[in-house]
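The following report describes the architecture of one protein chain, moving from its sheets to its helices and then to individual residues. Please read it alongside the sequence and the coordinates.

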Amino acid sequence: MSDDRYPVWPGRPYPLGAVWDGEGVNFALFSEHAERIELCLFDATGRNEVRRVTLPERTDLVWHGYLPEAQAGQLYGYRVHGPYAPRKGHRFNPKKLLLDPYAKYIRGRLHWTDSHFGYRIGHKQADLSMDRRNNARNMPKCVVVDPAFSWGEDRRPRIPWHDTVIYELHVKGFTARRPDIPEALRGTYAALASAPVIDDLQRLGVTAVELMPVHGLIDERHLVQRGLSNYWGYNSIGFFAPDMRYSATGSLREFKTMVKRLHSAGIEVILDVVYNHTAEGNELGPTLCFRGIDNAAYYRLMPDEPRYYRDYTGCGNTLNMLHPRVLQLIMDSLRYWVLEMHVDGFRFDLAAALARELHEVDRLGAFFDIIHQDPVLSQVKLIAEPWDLGEGGYQVGNFPPGWTEWNGRYRDTVRDYWRGEGGVIGELATRLTGSSDLYERDGRRPMASINFVTCHDGFTLRDLVSYDHKHNEANGENNADGESHNRSWNCGAEGPTDDAGVNRLRARQQRNFLATLMLSQGVPMLLAGDELGRTQHGNNNAYCQDNETSWLDWDINDEQRALRDFARELIALRRGHPLFRRRHFLQGRPIKGAEVKDIVWTAPDGSEMDGERWTRAQARALGVLLNGGGIPETDERGRPLRDDNFLLLLNAGPDTVSFTLPAPPGGGQWTPCIDTAASADRLAASGQSGQSKQSDESRQSGQSKQSDESRQSGQSNQRGESGQTRQNNQNGQHGESGESRQSGQSDRNGQSGQHGESGESRQSRQSGQSDQTTAVTNRPPSVAGNGPKEPPADNHPYEPRGAEPAQDTYALQPHSLALLIEPR
């Protein structure tokens, strides 16, 4: 393996990584503190190191060399020489084969042995000791790629934010059990690109798939030892390489083909990316890549004790966004996925960690500045998970223009409302109309709010209405992982039941959540499988469950088909009416040239809501009149937008509420087009409702074994539990939303100090106060809107076809939602 027998040219310091130019390969690797870097070449099996070459040149802290005879397909890794001085922040160990941070392809899986650690496990000095074993045989290898691919006329759909409906899915879990896909393709990029899957996505009506992490990742050792794996994928090690565990062919072309086919179907591809930390964990973690290349440059270390890491992520380390080369790594990665892989946007996991300049979260940090001025990245969809685990890490509403955010306050409020929590209708009104309190002050619009009720982290929609408590025993952590305060309500029984009344209520509640999500202003995000009534059997932290717990079951019954049809029709309704997709916030003021307002909030007696009624602790019913003639927007050709008038009625209480209907703005009649109670009850009457087989007796009785008191409060025994949130890398919990990432206490009245909010920003539920009362009272909350009105098809599911017009009142059953229309 001597260098002398092979020609090595100086090469170039840019671009970083291994780049094949058709004649040879240029290798370039950044390391500020290294003393020497060796390039290790392997045979096609990856087991035998056949050559070791010292990179001959160093330019601007980049080590580089060119091998004129090397070809695409060459397997390689690095050994980096330098001081092993953990107390000074340096952990160089040339006995450890390291991955290239810029590798476009990583072949093989990591086989765990003690040799992957830079120190001797079990040594009395712990990480201050040094391990001298060679780990190469058990390491995955980097591969030099040929980027050629025929994109043809591929064009990004470029769907406007106000027209976007996001569908969050896991590449494997979405197709692993699909019977209409060849078994060899299930769970892969190829399966997601197949005709049956794309047809389903189109019929559902979603416009973008948000893929859970597909960057090259590592399964934590403690999970592997328990026979589990990091299913969610929030443990990245390769920011340029799609993980090949999701590939049927082992080719980069498979991922590109998936993107191309989805684009042809008018569907965008958004990647969930994890740039806040890496799979190397804390000081006791393995040495696989960044730690061995230049620990002090790549990671945030404690200023007074650089042996240890700043951990804003709960996973042991945080990437050092203060270093220009780390910023370059992330920007190069993002541009690669846009320019080479043609993806349409990104959702940034724990995005607040990326904005920390020193210790505080800085909304004008270098990360944001660079993205805003970048001609490529500034033009794609950017979604922040606006929190991390550090002090002040809950930053919902504080990201700059150009960014959208997962709106954790929307999720919490909608969950609280539909489980019967009193005193939240003021904040609910603000969330339904686009969260103007969070986004309007800096010029953003309703589309900045990514609305969601469920996501990969936490209960599925079906479990949200079926469990009061988490059931995570299968994770092997004694049910200690995952969030305990879920704002869920089991509707009277924990888990599956034969009680017809409970099952009917659960069917109604699922429809309430779906309808609320699709009729809210902002951008809706639907968790894959929620439209099918998918259950994880109460597991709200299935990060390590790569099995039937997490995979979608496509063998669905009539109840699930009915729920799927309901979701399809809701999305069609949203896409067919610009009133639900407004681009500007609603004002609650009279429309120019008319006396009627664009939005009116009404009490059940038909009178307009005032300040005192917004704050009533017992208030659980609300009406929302949306005027289709009050859209101050135009279509793409400058034509004024007009829509039908709609009246939304909500009742989260335990009793039927008789709403006095306001006069239709157009002088016509109100006609019901949605009633979640009627939809669920029709299903029950057909004998199809329920999560388990029900006896004839329970079907006939239709009675819930739940008292009015429990229905009214929506009370869960877990409300008083503290929200121990995200475990560190030793526990393996990861990828959680703000609900489960922020620790804190919750009192028995629903007051939450978790989610990272200060006492000033979230007030006690004891007094029934909402911090949005003023905004709602003075100017009814804001709505997000959309483009041109699309004329409904002849068979539009929610255009009333022979429905009886409503009279002066409308009786809305307990725990239900209704939408009435006055066609123009």
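In this predicted model, L75 stands opposite V143 in β11, within the pairing of strand β7 (residues 75-81) and strand β11 (residues 141-143), which is antiparallel and extends over two bridges. Strands here are DSSP runs of E with at least two residues, helices are runs of H or I with at least four residues, and both are numbered from the N terminus; two strands are taken to pair if DSSP finds at least two bridges between them. Residues are numbered from 1 along each chain as its sequence is written. Because the model is predicted, local features need pLDDT of at least 70 and side-chain atom pairs count only at pLDDT 80 or more, whereas totals for chains, interfaces and linings use all residues, and side-chain values use heavy atoms, with hydrogens and water left out.

The pair of β7 and β11 belongs to an open sheet of five strands with antiparallel pairing, in the order β4-β3-β7-β11-β10. Its edge strands, each of which pairs on one side only, are β4 (49-54) and β10 (106-107). In the loop between β10 and β11 lies A126, whose phi is near 50°, a positive value in a residue other than glycine. A126 has a relative accessible area of 25% and is therefore partly exposed, where buried means under 20% relative accessible area, exposed over 50% and partly exposed in between, computed with a 1.4 Å probe on protein chains only.

Strand β1 (residues 17-20) is joined to β2 by four bridges, and the two strands run antiparallel; V19 has N26 as its bridge partner in β2. Four residues lie between the strands of this hairpin, where G22 takes a positive phi near 95°. In the segment before β1 is P15, and the peptide bond leading to P15 from Y14 is cis, with omega near 0°.

The loop between β2 (25-30) and β3 (36-42) holds S31, which counts as buried because its relative accessibility is 0%. The side chain of S31 reaches the backbone oxygen of I293 at 2.7 Å, a polar contact in the sense of a pair of N or O atoms within 3.5 Å, of which, within protein, one must be able to donate a hydrogen and the other to accept it, with residues adjacent in sequence counted only if both atoms are side-chain atoms. Leaving aside neighbours within four places in sequence, the residues in contact with S31 (heavy atoms within 4.5 Å) include R58, W63, F92, I293 and D294.

A second sheet is a closed barrel of eight strands with parallel pairing, running β12-β13-β16-β17-β18-β19-β20-β21. Neighbouring strands in this barrel are turned by 30° against each other on average, direction ignored. Four bridges join β12 (residues 166-169) to β13 (residues 208-211) in the parallel sense, and Y167 stands opposite V209 in β13. Helix α5 (residues 252-264) lies across β13 and β16 (268-273) and runs at about 135° to β16; such angles run from 0 to 180 degrees between N-to-C directions, and axes are lines fitted to C-alpha atoms, for helices over the stretch in contact.

Further along the chain, helices α7 (residues 324-339) and α8 (residues 366-373) pack at an angle of about 35°, with their axes 11 Å apart. The contact is formed by L327, I330, M331 and L334 of α7 together with A366, F367, I370 and I371 of α8.

Helix α9 (residues 408-418) is mostly covered, with 11 of its 11 residues buried; among these are R409, R411, D412, R415 and D416. The N-terminal end of α9 is capped by N407, which places a side-chain oxygen 3.1 Å from the backbone nitrogen of R409.

Positive phi values recur at several sites, as tabulated here.

| Residue | Phi |
|---|---|
| G22 | near 95° |
| A126 | near 50° |
| G420 | about 95° |
| C491 | near 65° |

Of these sites, G420 comes just after α9, while C491 lies in the loop between α12 (461-464) and α13 (500-519). C491 counts as buried because its relative accessibility is 0%.

Taken as a whole, the protein chain has 20 helices and 28 strands, and 64% of its 824 residues count as buried.
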